[in-house]
Amino acid sequence: MKTLKKSFISLFIILTILLLCSCKNSNKIKVGILQYTTINALDNAKEGIIEGLKENGFIDGDNIVISVLNPEADPTSLDIMAKDLVRKSDIVIGIATPAAVALQTAAKNEGKNIPIIFTAVTDPVDAKLVKDINAPEANITGTSDMNPVNEQIEIIKRIIPNIKKMGILYTVNETNSKVQADIAAAKAKELGIDVSFGQVTGINDITQITRNIITNGAEALYIPTDNNLAKNMPALVEVANSLNVITIVGEAGMCSNGGLITLGINYKELGKMTGDMAASILKGSKISSLAVKALSIEQCDFTINMTTAKALKIEIPKDILDVSKLIETGE
């Protein structure tokens, strides 16, 4: 009987603690973050969001509770997680276009007018998140990670002045990648460079498509910010390096995985900008007053993978080298 009594007391204490924790958390603002997949750029954006919120006085575990979900690009899990966050949160943040679209769809289906902030979305108009980046409607706004694509293509011409043909790889079901690929192709044409597209459908065809585009005459490859390709850069770079072809990539994390060079945005700074916007809304600002934001070209950084440069025996122009972050990998 004594043992049974002790068990009841222990159970009562546990339930009381859980109830108190629940009551305590119920007074805190619930922030839901949906990160599409695990790659450096999106990880950095998430860190920036949390830091931006903190700098504005919204601290996880203090006056807000942050829930981060990551479906690792699985469509079914993405939809389930989006619905879960929309139901349980006061404000939600989507990292990458598919995550933002999933949250938008979930909010509509659930009939919830919850504030939605997005980041790492290249073209929010093309993705149908907003109609006008300068005057967001309804309940959604955020930050764009549109790359300085034209300047990135100019780098190719600087490294290979007499280049005749380049390849552009992108994943067909990633809207953000297609937008950048089209911009890149237009700039290449302006510079007198022929373009061959490599349209990737998933993980399994990356190696073969990379090889095909190079054997068909591409002297350099351009890879935009593309979640699928970023996640599988080592396989792509292994083929390119073996065939002595340079890779100009969309962001620094892709250089860390073997890409040669980028002039790309700082995703942590983009995340902080997003966190600032979320904080502004939590303080009472209306979404309609917050235009979609982006980092300026002055906030972009050169990154060069010197291990790749040495392997390909590539000489980087000194004026670029002098202002670049130099990294070594695979040593």
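Me: Two strands pair if DSSP finds at least two bridges between them. With that in mind, over how many bridges do β6 and β7 pair?

Reply: First, a caveat: this is a predicted model. In it, Tyr170 of β6 has a bridge partner in β7, namely Gln199. The two strands run in the parallel sense, and their count of bridges is seven.

Me: Is β6 largely enclosed or left open by the rest of the structure, and how many of its residues are buried?

Reply: Take Tyr170 as a sample: its relative accessible area is 3%, so it is buried. The strand as a whole is largely enclosed by the rest of the structure, because the buried share of its seven residues is six.

Me: Which residues form the aromatic pair?

Reply: There's one such pair to find in the whole structure. It's edge-to-face, with 90 degrees between the planes and 6.1 Å centre to centre, and the partners are Tyr170 and Phe197.

Me: How many residues apart in sequence are the parts that this pair ties together?

Reply: Tyr170 is buried at 3%, while Phe197 counts as partly exposed at 38% relative accessibility. Tyr170 sits in strand β6 (residues 165-171) and Phe197 in strand β7 (residues 194-200), so the pair links parts whose separation in sequence is 27 residues.

Me: On to the six-stranded sheet: which strands are its edges?

Reply: The sheet is open, its pairing is parallel, and its order is β2-β1-β3-β4-β5-β11. An edge strand here pairs on one side only, and that holds for β2 (64-69) and β11.

Me: What is the bridge partner of Thr143 in β11?

Reply: β5 and β11 pair in the parallel sense, over two bridges. Looking across to β11 from Thr143, you land on Lys293.

Me: How far apart are the end C-alpha atoms of helix α11?

Reply: The helix covers residues 267-282, which makes 16 residues. At 1.5 Å a residue, the expected span agrees with the distance in the model, and both come to 22 Å.

Me: Which residue at the start of α11 has a side-chain oxygen that reaches the backbone nitrogen of Lys268?

Reply: At the other end, α11 is followed by Gly284, with a positive phi near 120 degrees. At the start, the oxygen comes to within 3.0 Å of the Lys268 nitrogen, and it belongs to Asn266.

Me: How many residues does α11 give to the largest nonpolar core?

Reply: Buried residues of α11 include Tyr267, Leu270, Met273, Met277 and Ile281. They're covered by elements including α2 (40-55), β3 (91-95) and β4 (116-121). The core holds 100 residues, and Leu53, Met166, Leu221 and Tyr222 touch the most other members. The element that gives the most to this core is α11, with seven residues.

Me: Which residue in strand β4 has a positive phi?

Reply: Phi is near 60 degrees there, and the residue is one other than glycine. A relative accessible area of 4% is under the 20% limit, so this residue is buried. Its place is in strand β4, and its name is Ala120.

Me: And which residues does Thr97 contact, leaving aside neighbours within four places in sequence?

Reply: Thr97 belongs to helix α4 (residues 97-110). At 9% relative accessibility, Thr97 counts as buried. Its contacts are Ala120, Val121, Thr122, Ala127 and Asn176.

Me: Is Lys313 buried or exposed?

Reply: Lys313 is not a glycine, yet its phi is positive, about 55 degrees. The residue lies in the loop between α12 (306-312) and α13 (318-321). Its relative accessibility is 77%, and over 50% is the mark to beat, so Lys313 counts as exposed.

Me: Zooming out, what share of contacts in the protein chain between residues at least 6 apart in sequence join residues at least 24 apart?

Reply: The chain has 13 helices and 13 strands, and its C-alpha atoms fill a box of roughly 85 × 50 × 35 Å along the principal axes. Of its 331 residues, 48% count as buried. As for those contacts, the share that joins residues at least 24 apart is 73%.

Notes:
Residues numbered from 1 in each chain as written. Predicted model: local features only at pLDDT ≥ 70, side-chain atom pairs only at ≥ 80, totals over all residues. Heavy atoms only, no water. Helix = DSSP H or I, 4+ residues; strand = E, 2+ residues; numbered from the N terminus. Expected span 1.5 Å × (residues − 1). Buried < 20%, exposed > 50% of the residue type's maximum accessible area, 1.4 Å probe, protein only. Contact = heavy atoms within 4.5 Å. Polar contact = N/O pair within 3.5 Å; in protein donor to acceptor, adjacent residues only side chain to side chain. Core = buried A, V, L, I, M, F, W, Y, C linked by side-chain atoms within 4.5 Å. Phe/Tyr/Trp six-rings, centres within 6.5 Å; stacked < 30°, edge-to-face > 60°.
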